[in-house]
Every structure is written in C-alpha cells, then in structure tokens.
Amino acid sequence: MHELSIAYNLVEIAGEAAREAGATHIDVVHLRVGALSGVVKEALLFGYEIATADTILAGSRLEIEEVPVVVYCPTCDAEHALPDLQEFACPVCGTPTSNIVQGKELQLVSLEYED
Ligand SMILES: [Zn+2]
C-alpha cells in the first residue's frame, strides 16, 4: 500500500520534529494533502495508525487538510481553482493550462503537543 509507506515517512519526519522540539508526546499532526498528490485520505489515516505504533506519535491524531488544485491561466493572468480534475483548462476562459500552482503537496504543517 502506497499510503503506508507515506505514513512511515511522515512518522519519521514528525518524530524528528517532535524530538527537536523536546516533546515527549504528540497530540495532533497537521498535514496538507493536495488533490493531485495521489494520496487516498482514508488509506493514509489507516496507514498512520499502523505506522505510529510504538513511536512518539502513538495515539496522536492525523488532521488532513485537503488542498484543491489551482492552475495559472496565462490568458486571464490569474490563478484559478480547478473545479474538475478531468480537464486542465481555465474555468473562466477555457484556455488549456498545465501550469499547476497548487495541489501536489504532501506537507507536514505543524504538530500539537504539550510540554
Ligand atoms: Zn483564463
């Protein structure tokens, strides 16, 4: 499962950040996941449960913020959110664009913990 390896990776990065912060227990991990990242949210949450076992992150909650896809349109000279991932064209003027500004991220945003 693709998401399980992502979860292990995430645990490694978050665990490192937690140790650097001197935290001994993490409550919540905030993650941004783009619509184009290829990550299935439910699968990642499931993988997270497995990957966090016996780590500093055991028992913590994974909060996933889903990030919509935003493209840059050269005709409008503006950025627009894509309503439909089947079609990479400007939703305002219809110009085809593959200039993706946002939506591929898989990014650890922050950790919540008590000292
Ligand atoms: Zn446009």
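Before we start, a quick definition: two strands pair if DSSP finds at least two bridges between them. Keep in mind that the model you're looking at is predicted.

**Exercise 1. Work out how the sheet is put together, and find what stands opposite histidine 30.**

*Step 1.* Start with the strand order. Three strands make an open sheet, and they run β2-β1-β6. The pairing is mixed.

*Step 2.* Now look for the edges. β2 (61–67) and β6 (106–113) are the edge strands, since each one pairs on one side only. From one strand to the next, the twist averages 20 degrees.

*Step 3.* Zoom in on one pair. Strands in a sheet pair through backbone hydrogen bonds, and they can do it parallel or antiparallel. Here, β1 (residues 26–34) pairs with β2 in the parallel sense, over seven bridges. Glutamate 63 in β2 is the residue that histidine 30 faces.

**Exercise 2. Say which strands helix α2 touches, and at what angle its direction meets that of β2.**

*Step 1.* Helix α2 covers residues 41–52 and packs on the sheet.

*Step 2.* The strands α2 touches are β1 and β2, and its direction makes about 160 degrees with that of β2.

**Exercise 3. Describe the largest nonpolar core, then follow Ile26 out to its contacts.**

*Step 1.* Size and key players: this core has 20 residues, and Ile26, Val29, Leu44, Tyr48, Leu57 and Leu62 have the most contacts inside it.

*Step 2.* Where do the residues come from? α1, β1, α2 and β2 each give two or more. The largest share, six residues, belongs to α1.

*Step 3.* Now take isoleucine 26. Skip its neighbours within four places in sequence, and you find it in contact with Ala18, Ile56, Leu57, Ser60, Leu111, Glu112 and Tyr113.

**Exercise 4. Find the donors of the zinc ion and decide on the geometry of the site.**

*Step 1.* List the protein donors: they are the SG atoms of Cys73, Cys76, Cys90 and Cys93, lying 2.2 to 2.3 Å from the zinc ion. Along the chain, the donors follow the spacing C-x2-C-x13-C-x2-C.

*Step 2.* Check the angles. Four donors count as tetrahedral if all angles lie between 85 and 135 degrees. The four donor atoms here subtend 102 to 113 degrees, so the arrangement is tetrahedral.

*Step 3.* Is cysteine 90 buried or exposed? Buried means under 20% relative accessible area. Cysteine 90 has 4%, so it counts as buried. Cysteine 93, with 38%, is partly exposed.

Key
Residues numbered from 1 in each chain as written. Predicted model: local features only at pLDDT ≥ 70, side-chain atom pairs only at ≥ 80, totals over all residues. Heavy atoms only, no water. Helix = DSSP H or I, 4+ residues; strand = E, 2+ residues; numbered from the N terminus. Axes fitted to C-alpha atoms, helices over the stretch in contact; angles between N-to-C directions. Contact = heavy atoms within 4.5 Å. Donors = N, O, S within 2.8 Å, 3.2 Å for Na, K, Ca; no water. Tetrahedral: all angles 85-135°; square planar, octahedral: opposite > 155°, others 65-115°. Buried < 20%, exposed > 50% of the residue type's maximum accessible area, 1.4 Å probe, protein only. Core = buried A, V, L, I, M, F, W, Y, C linked by side-chain atoms within 4.5 Å.
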